[in-house]
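Here are a few notes to read with the model open beside you. I've kept to surface features, one pocket and some charged pairs.

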Amino acid sequence: QKWVMKLAYVSFAGSQPKLGNIQILTPGDMAFYETHGFLPEDRGFLYSATKVENDYRNLEIYRYDFATSKSIMLTDPSVGAWDEHAQPSPDGKRIIWMSSQDIPQKEDSKNPLAIKTDYWVMDAAGSHKRRITFFNDPSAPEYRRSWNIASDISWSPDGRQAMGYLQQITLFVGRGQFPGTMLLMDVP
């Protein structure tokens, strides 16, 4: 089964929502898509995708432009990283996301989707990528002695900070249940 993205206008008749102008989007003819944040002024949105079904460890970040109906890959597939949860800054100049890039990984047979990740930031065009957290680096002050998965994240309205959800596999309680901690961090 192939995934698609759907885009629609939402209106309200009283308290009832109504969807209109529903569009199915499949840029790049991928096997899996996951939508993330809309760009300021409704210029487009960010999403992750992979060409191979169930190959989440090789998700890449893309920007879809409404004016051109085209997508641009923002992360580098040659790195072989899991890139996901991309959110544009309020001014649209930067993007924060989670990535497994530069983090040594080991397989967890009980949790095949468990992979160590940290937060990264780049400019809107996909350049100047830099890792901004080091939860999985034993030499860093913020290191946590667990299998850390930086996941969903949101910017503060002024674009100086972000709130992220750090999941910890040592606290694993069942399939798909990864308890964690909410973190507020400065974004350089």
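**Notes on the model**

1. Val10, Phe12, Leu19 and Ile22 make up a nonpolar patch on the surface, together offering about 440 Å² of accessible area. To be in a patch, a residue needs over 30% relative accessible area and no salt bridge; nonpolar side chains (Val, Leu, Ile, Met, Phe, Trp, Tyr) are joined within 5 Å, like charges within 9 Å. Areas come from the Shrake-Rupley method with a 1.4 Å probe, and for residues only the protein chains shown count as cover.

2. A word on what you're looking at: this is a predicted model, where local features need pLDDT of at least 70 and side-chain atom pairs count only at pLDDT 80 or more, while totals for chains, interfaces and linings use all residues. Residues are numbered from 1 along each chain as its sequence is written, and side-chain values use heavy atoms, with hydrogens and water left out.

3. Back to the patch: strand 1 and strand 2 (16–25) each supply at least two of its residues. Strands here are DSSP runs (E, at least two residues), numbered from the N terminus. Phe12 sits in strand 1 and counts as exposed because its relative accessible area is 58% (buried is under 20%, exposed over 50%, partly exposed in between, with a 1.4 Å probe and protein chains only).

4. Strand 1 (residues 5–13) also gives the most to the lining of the second largest pocket, with 3 residues. The full lining is Leu7, Ala8, Tyr9, Gln23, Phe38, Asp42 and Phe66, which splits into 5 nonpolar, 1 polar and 1 charged. The space inside is about 170 Å³. On a 1 Å grid over the protein atoms alone, a pocket is an open set of points where a 1.4 Å probe fits, with protein on both sides within 12 Å along at least five of seven lines; lining residues have an atom within 4 Å of a point.

5. How many salt bridges does the whole structure have? There are 4, each being a side-chain nitrogen of Lys or Arg within 4 Å of a carboxyl oxygen of Asp or Glu. One of them joins Lys2 and Asp29, at 2.0 Å from N to O. That pair links distant parts of the chain, 27 residues apart: Lys2 is in the segment before strand 1, Asp29 in the loop between strand 2 and strand 3 (32–38).

6. Glu41 pairs with Arg43 at 4.0 Å between the closest N and O atoms. Glu41 is exposed at 71% relative accessibility, whereas Arg43 is partly exposed at 36%.

Technical notes
Points joined across faces, edges and corners; volume = space filled by probe spheres on them. Helix = DSSP H or I, 4+ residues; strand = E, 2+ residues; numbered from the N terminus. Nonpolar A, V, L, I, M, F, W, Y, C, P; charged D, E, K, R; others polar.
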